[in-house]
Amino acid sequence: SRKALADEVALARDAGYATNIEAWQPGLAVLAAPVFAHQRLQAVVALATVTARFTALGITTVSRRVMHAAEGIALRIEGRVP
């Protein structure tokens with residue numbers, strides 16, 4: 001529903017990333033973070049792995065790493081290499 005989608009978008013916006021844990025395919029976990037540069041969405045960085053690996057790493061570790069990668073790409077797009 002539109003409400004459910006809006007709720008998911010709000011959660012992802014607040015967290016800085018979105019997840020999809022086995023929603024598309026059993027055994028697949030995905031975490032994605034936006035790349036904002038020049039105050040616009042330029043791209044998305046995503047990590048897809050088997051759910052067991054995702055669980056072993058933990059959402060905190062995975063989200064931190066993916067968001068860090070997205071931030072680094074944004075800096076490069078803006079010409080401010082980290």
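Reading a three-stranded sheet and its helix

Colleague: Threonine 19 stands opposite leucine 31 in β2; how many bridges join β1 and β2, and in which sense do the strands pair?

Modeller: Please keep in mind that this is a predicted model. Strand β1 pairs with strand β2, which covers residues 28–37, in the antiparallel sense and over four bridges. Besides the pair of threonine 19 and leucine 31, asparagine 20 stands opposite valine 30 in β2. As a general idea, side chains in a regular strand alternate between the two faces of the sheet.

Colleague: What is the order of the strands in the sheet, and is the sheet open or closed?

Modeller: The sheet is open and has three strands in the order β1-β2-β3, with antiparallel pairing. Strands β1 (18–21) and β3 (40–50) stand at the edges and have a single partner strand each, so one side of each lacks a neighbour in the sheet. From one strand to the next, the twist averages 20°.

Colleague: Which helix lies across the strands, and at what angle does this helix run to β2?

Modeller: That is helix α3, made of residues 59–77, which lies across β1, β2 and β3 and runs at about 30° to β2. For the wider setting, the chain contains three helices and three strands, and read along the sequence they follow the pattern α-β-β-β-α-α.

Colleague: Let us turn to the backbone angles. Which residue takes a positive phi in the hairpin of β1 and β2?

Modeller: In that hairpin, which has six residues between the strands, glutamate 22 takes a positive phi near 60°. The loop between β2 and β3 holds histidine 38, whose phi is positive at about 55° although histidine 38 is not a glycine. Glutamine 39 has its place in the loop between β2 and β3 as well, and its phi, near 60°, is again a positive value in a residue other than glycine.

Colleague: Are histidine 38 and glutamine 39 buried or exposed?

Modeller: The reading rests on relative accessible area, where buried means under 20%, exposed means over 50%, and partly exposed lies in between. Histidine 38, with a relative accessible area of 48%, is therefore partly exposed, whereas glutamine 39, at 83% relative accessibility, counts as exposed.

Colleague: And where is threonine 49 found, and why does it count as buried?

Modeller: Threonine 49 is found in strand β3, and it counts as buried because its relative accessibility is 18%. If its neighbours within four places in sequence are left aside, threonine 49 is in contact with Gly27, Leu28, Ala29 and Phe54; of these, Leu28 belongs to the stretch 28–37 that forms β2.

Colleague: What share of the chain is buried, and how much area does the chain expose?

Modeller: Buried residues make up 23% of the 82 residues, while the chain exposes about 6000 Å², of which carbon and sulfur atoms supply 57%. The C-alpha trace spans about 40 × 30 × 20 Å along its principal axes. Among the contacts with a separation of 6 or more, 38% come from residues 24 or more positions apart.

Colleague: How many positive and negative side chains does the chain have, and how far apart do the centres of the two sets lie?

Modeller: There are 9 positive and 6 negative side chains, and the centres of the two sets lie 6 Å apart.

Key
Residues are numbered from 1 along each chain as its sequence is written. This is a predicted model: local features need pLDDT of at least 70, side-chain atom pairs count only at pLDDT 80 or more; totals for chains, interfaces and linings use all residues. Side-chain values use heavy atoms; hydrogens and water are left out. Two strands pair if DSSP finds at least two bridges between them. Helices (H or I, at least four residues) and strands (E, at least two) are DSSP runs, numbered from the N terminus. Axes are lines fitted to C-alpha atoms, for helices over the stretch in contact, and angles run from 0 to 180 degrees between N-to-C directions. Contact means heavy atoms within 4.5 Å. Buried means under 20% relative accessible area, exposed over 50%, partly exposed in between (1.4 Å probe, protein chains only). Accessible areas come from the Shrake-Rupley method with a 1.4 Å probe; for residues, only the protein chains shown count as cover. Lys and Arg count as positive and Asp and Glu as negative; His and the chain ends are not counted. The place of a charge is taken as NZ of Lys, CZ of Arg, CG of Asp or CD of Glu.
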